[in-house]
Amino acid sequence: MTGLIRWPATAGQYVFSIQANDGHGGIATQTSTLNVVRAETALFAEDGVAGQRMSFSELDDGFRRLQTSDLASLVDEVLGRLETGGIDQARIAAVRNTSVRIVDLPDAALGSTDGDSILIDMDAAGYGWYVDSTPSSDIPAGPMDLVTVLAHEFGHRIGLTHEDAEQDRFAFMGETLQAGVRKFV
Ligand SMILES: [Zn+2]
């Protein structure tokens with residue numbers, strides 16, 4: 001059976017239940033889940049490949065699952081660097097109170113937006129997060145850099161697009177990110 005469903009999707013998780021009736025009393029039900037992210041604001045792990053999902057106990061401070069308490073100081077750091085990078089102070093002030101939500105994004109998605117919110121995947125598509133706000137561009141191989149992903153999503157909030165990645169100073173606006181790479185110093 002094939003089919004096409006068109007509807008104005010907003011980001012989120014949708015569960016579909018399809019019921020087939022053979023006309024003789026036989027009924028089969030299949031349930032599938034569809035995760036929708038906004039491609040124009042999403043940032044994906046390079047090659048669209050998710051990492052091996054680690055169990056919580058395997059994640060140490062360098063490779064970890066994200067917690068809300070990690071976010072506030074990193075957001076301040078990212079906004080400060082955007083300002084140093086020449087983004088207008090008023091534009092930064094307008095997005096300072098953006099809510100950043102930690103969610104389970106599908107597959108290789110690291111971050112995205114949903115309306116006025118920023119969504120960050122809880123375990124960096126299985127790679128684990130590198131949570132560190134020092135300005136060094138020398139970061140460990142393995143985890144995904146949260147500073148770069150936050151810069152990317154806040155970049156969208158202030159009006160940057162993936163095309164801005166062509167300018168060196170906005171390299172963090174690229175559509176994909178490699179593990180162990182920081183594109184924002
Ligand atoms: Zn994006």
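Begin by selecting α1 (71-84) in this predicted model. At 1.5 Å a residue, its 14 residues should span 20 Å, and the end C-alpha atoms are 20 Å apart, so expectation and model agree.

With α1 still selected, display the side chains of V75, V78, L79 and L82, which are buried. Look down the helix axis: the buried residues of α1 fall within an arc of 95°, so they line one face of the helix. Then turn to the other side of α1, where S73, D76, G80 and T84 are exposed. To see what covers the buried residues of α1, add α2 (89-95), β4 (100-103) and α3, which are among the covering elements. Before leaving the helix, select G86, just after α1; this residue takes a positive phi of about 105°.

Next, move to the strands, starting with β6 (117-121). Four of the five residues of β6 are buried, so this strand is largely enclosed by the rest of the structure. Show β4 beside β6: the two pair in the parallel sense over four bridges. Within this part of the tour, select R101 and look for its bridge partner in β6, which is L119.

Now add β5 (109-114). β5 and β6 run antiparallel and are joined by four bridges. Two pairs may be picked out here: G111 stands opposite I120 in β6, and T113 stands opposite I118 in β6. Follow the chain through the turn, since β5 and β6 form a hairpin with two residues between them. G115, in that turn, has a positive phi of about 60°.

How many of the six residues of β5 are buried? Five are, so β5 is largely enclosed by the rest of the structure. Select β3 (43-45) as well; β3 and β5 run antiparallel and are joined by two bridges. F44 has A109 in β5 as its bridge partner.

The next stop is the interior. The largest nonpolar core has 39 residues, and those with the most contacts inside it are L110 and M144. Colour the contributing elements: β3, α1, β5, β6, β7 (129-130) and α3 (146-157) each supply at least two residues of this core. Which element gives the most to the core? That element is α3, with six residues.

Centre the view on M144. Not counting residues up to four places away in sequence, M144 touches A45, L110, A124, Y127, W129, Y130, V149, L177 and A179. L110 therefore appears twice on this tour, as a contact of M144 and, with M144, as one of the core residues with the most contacts.

Finish at Y127, which is found in the loop between β6 and β7. Is this loop residue buried or exposed? Y127 is buried, because 26 other C-beta atoms lie within 10 Å, and the cut-off for a buried residue is 20 or more. Leaving aside neighbours within four places in sequence, Y127 is in contact with A45, G51, P143, M144 and A179. Of these, A45 and A179 are also touched by M144. As a last step, draw a distance between the C-alpha atoms of Y127 and A108: these two residues are 19 residues apart along the chain, and the separation is 9.5 Å.

Note on methods: Residues numbered from 1 in each chain as written. Predicted model: local features only at pLDDT ≥ 70, side-chain atom pairs only at ≥ 80, totals over all residues. Core = buried A, V, L, I, M, F, W, Y, C linked by C-beta atoms within 7 Å. Buried ≥ 20, exposed ≤ 12 C-beta atoms within 10 Å, placed from the backbone. Contact = placed C-beta atoms within 7 Å. Expected span 1.5 Å × (residues − 1). Arc of directions from axis to C-beta. Pairing = 2+ DSSP bridges.
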